[in-house]
Amino acid sequence: MNFLVESALLTHGLASVTQGELAALWDLELPCIAWLEKGEVRLGTMEEYLPFRARAKEIRRVSWDTLDAFAAAGRDGAMTASAAMLAASRMGFPVAVTSGMGGVGAIRGEEVCPDLPALRDLPVALIATSPKDVVDIGATFQWLRREKIPVYGRYCAEDSGFMVAGTPYALDGVWSGGCPKAPALLLNPIPEEKRLTIPGAVEKAIAAGAAAQERGESFHPAANAEFDRLSQGLSSRLQLLQLLDNARWAMELTEKGVEE
């Protein structure tokens with residue numbers, strides 16, 4: 001195994017997915033899920049991870065710029081994509097996996113999400129679904145292009161959003177190689193016919209995330225919970241199944257060796 005899967009989505013982002021449902025749906029029996037427990041980076045299977053998730057209300061999200069402080073304090077942390085990339089780099093793994101990734105936008109404190117500088121500065125490629133619908137996807141691709149980070153699609157050379165179909169943006173091509181050499185971002189989109197078609201869903205999710213921040217809470221779990229509420233749970237299952245598919249793709253690619 002040569003990749004890590006972030007745990008922030010699994011811990012806080014799947015509002016209506018139960019422990020039992022998560023165990024039943026996650027059929028990848030590898031110790032690839034990464035989280036921070038009592039200051040130590042843990043890697044485990046879904047079965048090993050689920051007791052950590054059961055304590056979700058007392059656990060905070062951790063990114064690459066806060067991981068070492070959390071570790072030094074002996075804290076628990078659900079790893080975002082950037083934290084998983086940092087952990088992967090320290091373990092010599094070439095790939096990290098997420099579902100929706102952060103980007104450039106108007107989220108307070110995440111005008112440039114830590115996922116982006118981690119992509120630029122760490123020797124780890126990222127497999128994701130798309131930048132999240134709550135960020136400015138066009139501005140995110142501009143940032144990636146400016147920082148000379150190549151972006152490839154799994155099936156087509158464009159990205160049209162995460163859970164909602166939007167404007168298509170051109171990528172650098174379709175990935176046809178083995179394990180990507182960093183810096184690189186590989187996107188595995190949700191088919192458009194499976195995405196949400198709820199009017200105003202993105203705006204309502206952004207509002208819910210901003211309200212959570214005003215209460216001193218995290219933006220993304222609240223935004224995901226609003227998507228979940230509006231879609232009667234469909235959004236959570238879309239994200240989970242795509243995270244799993246991204247992890248399967250990572251397994252397939254890392255078995256081939258790093259591209260030179």
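**Exercise 1. Work out whether lysine 148 is buried or exposed, and describe its backbone.**

Step 1. Start with accessibility: lysine 148 has 70% relative accessibility, so it counts as exposed. The cut-offs are under 20% relative accessible area for buried and over 50% for exposed, with partly exposed in between (1.4 Å probe, protein chains only).

Step 2. Now find its place. Lysine 148 sits in the loop between helix H7 (137–146) and strand E10 (151–153). Helices (H or I, at least four residues) and strands (E, at least two) are DSSP runs, numbered from the N terminus.

Step 3. Check the backbone: phi of lysine 148 is positive, about 60°, although the residue is not a glycine.

A word on what you're looking at: this is a predicted model, where local features need pLDDT of at least 70 and side-chain atom pairs count only at pLDDT 80 or more, while totals for chains, interfaces and linings use all residues. Residues are numbered from 1 along each chain as its sequence is written, and side-chain values use heavy atoms, with hydrogens and water left out.

**Exercise 2. Describe the loops that hold lysine 38 and proline 183.**

Step 1. Lysine 38 is in the loop between strand E2 (33–37) and strand E3 (40–44). Its phi is near 55°, a positive value in a residue other than glycine.

Step 2. Lysine 38 is exposed, with a relative accessible area of 67%.

Step 3. For proline 183, look in the loop between strand E12 (169–170) and strand E13 (185–187). The peptide bond that leads from alanine 182 to proline 183 is cis, with omega near 0°.

**Exercise 3. Find which residues touch the most other members of the largest nonpolar core.**

Step 1. Get the term straight: a nonpolar core is a set of buried Ala, Val, Leu, Ile, Met, Phe, Trp, Tyr and Cys residues joined through side-chain atoms within 4.5 Å. In soluble globular proteins, nonpolar side chains tend to be buried together.

Step 2. The largest core has 49 residues, and those touching the most other members are Met85, Leu119, Leu126, Val134, Leu144, Leu185 and Phe227. Helix H5 (residues 81–91) gives the most to this core, with seven residues.

Step 3. There's also a second, separate core of 34 residues, with Leu9, Leu14, Phe52 and Ala78 among them.

Step 4. Zoom in on valine 134. Leaving aside neighbours within four places in sequence, its contacts are Ile107, Ala205, Ile206, Phe219, His220, Ala223 and Phe227; contact means heavy atoms within 4.5 Å.

**Exercise 4. Identify what lines the largest cavity.**

Step 1. On a 1 Å grid over the protein atoms alone, a cavity is a set of points where a 1.4 Å probe fits but cannot get out; a pocket is an open set with protein on both sides within 12 Å along at least five of seven lines, and lining residues have an atom within 4 Å of a point.

Step 2. Searching the whole structure turns up one cavity of 30 Å³ or more. The largest cavity holds about 60 Å³ of space.

Step 3. Its lining is Lys132, Asp133, Val134, Phe162, Met163, His220, Ala223, Asn224, Phe227 and Gln239. H9 gives the most here, with four residues.

**Exercise 5. Describe the largest pocket and the second largest pocket.**

Step 1. The largest pocket has about 630 Å³ of space. Of its 35 lining residues, Arg61, Thr80, Glu110, Ser218 and His220 are the closest to its centre.

Step 2. Helix H1 (8–12), strand E4 (60–62), H5 and helix H9 (219–230) each give two or more residues to this lining. H9 has the largest share, with four residues.

Step 3. Move to the second largest pocket, with a volume of about 530 Å³. It is lined by 22 residues, and Thr11, His12, Ala56, Lys57 and Pro221 lie nearest its centre. Here H1 gives the most, with three residues.

**Exercise 6. Place threonine 254 and list what it touches.**

Step 1. Threonine 254 belongs to helix H10 (residues 234–254). With a relative accessible area of 10%, threonine 254 is buried.

Step 2. Its side chain reaches the backbone oxygen of alanine 250 at 2.8 Å. A polar atom of that side chain also lies 3.3 Å from the backbone oxygen of methionine 251.

Step 3. Not counting residues up to four places away in sequence, threonine 254 touches Asn2, Phe3, Pro94, Val95 and Cys179.

Notes:
Points joined across faces, edges and corners; volume = space filled by probe spheres on them. Polar contact = N/O pair within 3.5 Å; in protein donor to acceptor, adjacent residues only side chain to side chain.
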